[in-house]
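Opened the notebook for a quick look round this one. I wanted one acidic residue first, then the nonpolar packing.

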Amino acid sequence: MFKSLYFKIVVILLIFVVAVMCVVGAILMNGVTSFYVNDFYNQMKECFSEDSIMVEELYSSAASDDSRQDSLAYRMKTILSSYGSVLGIDPYRNYYVLNMNGEMLQGSDANLGAQLIVTPNILSAISHGSENRVVSGSEYADWAYYIAGEDEECVIYIKDSLDEMRQLNQVLFSIILQAMMIGIVIAIVLSFFLAKSISSPLQSLTKGAQLVAAGEFSYEIDIHSEDEIGILTHNFNYMKDRLKATLDAVDGEREKLETVLSCIRDGVIAFTADGRVLHSNSSADERFSFDKNDKGALEECFDLLDIPLVVTDNSIKVSSPDALFERTKDGFIFHDKMVGDRVYDVNFGIIKYYSGNKKSFGFIIVMHDVTARYELDESRREFVANVSHELRTPLTSIMGAAETVVNDPEMDEEMRVYFLEMVMTESERMMRIVSDLLVLSRLDNKRTSWSIETFDIGESVRRLCDVMRTDLDAHNHELVFEAEEGLPEITADRQRIEQVIINVISNAIKYTPDGGRIAVEVSAISEGSFVQVKVADNGVGIPKEDIAHLFERFYRVEKSRTSDAGGTGLGLAIAKELIDAHGGSIRIESAVDEGTVMYIEIPVECRLKSA
Ligand code: ADP
């Protein structure tokens, strides 16, 4: 309340009114006093001047012998009373005739005369002086005049009590007081309107400023005047619009940036200099779940990514001497960092940004997902190693056998045939590997030429079982074949499909101990849109952990065992590629020492096109 504008204006106006009235009152009352006192002395000066008739009369009466029987005082009184109106005698102003001791002899008011005090002017007259002084601030005004007769002398004394002037001043004072009261009321009313006219727009401005601070920009302040407050309001509205436009532009840019960042598959995390997270995109958030406000977030990130960096107040050092990294213009790149099942190239750099008005620096980590490249590189490396290994084994046998034959020309015929057959067998094995690799290479490069035909898959599988009869008999396996009645014919590359089925059945023969049981079933599934060829054996089975890898190139459960069985580890990889190319699928169910079931599902209408 006491801080309000209204209160301040009221107080200022009240002080103003009171001050003005006091000054006016003081000037007026002082003016009245001066006028009254000056008027008294001027009147006295005139009345008691040398050439005034009254003075002449006073002197002649004082010197006259005719009136000797009357005292000088009496004669003086008589003359003075006849000049009462000239001297302005009234209840407030009286004349006295004093003896030379200053005591009243005669006077217009005997009571007052009895209380007379000897004033400086009386003293001056008693000592025959004619000087009358105005004593400023005195409670009375007086005039004393020395008169000498034949042998008598006296002092004529006029004294004004100034009560009339005081009464006038009192009236003036009460008028000023009343005027002041009216002025105060007017000031209060005026200040109310003045305060309202100033404070209303200021209140609107305050409300507007609060809304702007709260982010509400739609509030438009009305302009009611063209004065300074009107200009201020206009400028406020302009500033608010500019601020909104700027904030919209900043928001737009930020949204754009955030959209771009969220679309980037690379993880991006910006850190403050003290290690807290400044910003992170969704890809980074998926990978990390650290507390963003924790100053240890940067350290945690280094730990998770296995980045050997130590950040101090004024330096960044690589802590591990044998760390593999690349230095860039403003940071480092650490390659092939594993986080869970993903692999990243991690860029670390320094950034500059504004925090409030302060320019600060921080760090940025960009995790570029290179899992696909890494896996491809890995599988290439593995593939080259596998191919080298697979070709080296038969080549070593071939070279060994050939060398033996060459170095021993005396070798008997039986031995030479043995070694030459070994050369033949290993060459065939190499041939198989190379031709399997060629098949895969063509499938990879989509250069396989397909020969599409429509055929009876049931009949086809039955014929294949017959073809493999010799092999089955050699291992004393029992083969049970079953084909569903009314199987639909399929449209596919017959030779490739038969190649897959042969591979699967020959695997069942290979990986089932002699005297095993192999069941081959052909049936229609998925409402006749697919045909399923199921090959079940009661052989060695496949460990659970190997099943998912069986379609990888050169993958074998126990290399030595399957190598003995003449396998290359490429058969199932080729089978999967061929069936996938037809739009079908191949899957395995197996249990160790119980047996394996292979399901080959081929669409009735394949999506391949003839070459
Ligand atoms: P391979 O030419 O070595 O047989 P495949 O790709 O055809 O190559 O098979 C890959 C591996 O899968 C084999 O080495 C074998 O360990 C396993 N396997 C395939 N079929 C069977 C099966 N019916 N029973 C047990 N293991 C099998």
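**Acidic residue first**

I looked up D345 and got 9% relative accessibility, so D345 counts as buried, the cut-off being under 20%. Note to self: this is a predicted model.

Next I checked where D345 sits: it belongs to strand β11, which covers residues 342–355.

What does the side chain of D345 reach at 3.1 Å? I found the backbone nitrogen of D336 there. I also noted a polar contact, at 3.5 Å, between the side chains of D345 and R373.

Then I pulled the contacts of D345, leaving aside neighbours within four places in sequence. D336 and R373 turn up again, along with F334, H335, V366, M367, H368 and V370.

**Nonpolar packing**

I moved on to the largest nonpolar core and read off 49 residues. Which of its members touch the most others? I wrote down I457, V461, I501, V520, V533, V535 and I600. Helix α15, residues 494–510, gives the most to this core, with 7 residues. I see that domain 3 (375–444) and domain 4 (452–603) each supply at least three residues to this core.

I picked V520 for a closer look and skipped residues up to four places away in sequence. V520 touches V461, C465, L479, V480, F481, I505, V533 and V535, and I also logged E482 and K534 as touching V520.

Last entry: there is a second, separate core of 31 residues, and I jotted down V32, V55, Y83 and L172 as included in it.

Technical notes
Residues numbered from 1 in each chain as written. Predicted model: local features only at pLDDT ≥ 70, side-chain atom pairs only at ≥ 80, totals over all residues. Heavy atoms only, no water. Helix = DSSP H or I, 4+ residues; strand = E, 2+ residues; numbered from the N terminus. Buried < 20%, exposed > 50% of the residue type's maximum accessible area, 1.4 Å probe, protein only. Polar contact = N/O pair within 3.5 Å; in protein donor to acceptor, adjacent residues only side chain to side chain. Contact = heavy atoms within 4.5 Å. Core = buried A, V, L, I, M, F, W, Y, C linked by side-chain atoms within 4.5 Å. Domains from an automatic or database assignment.
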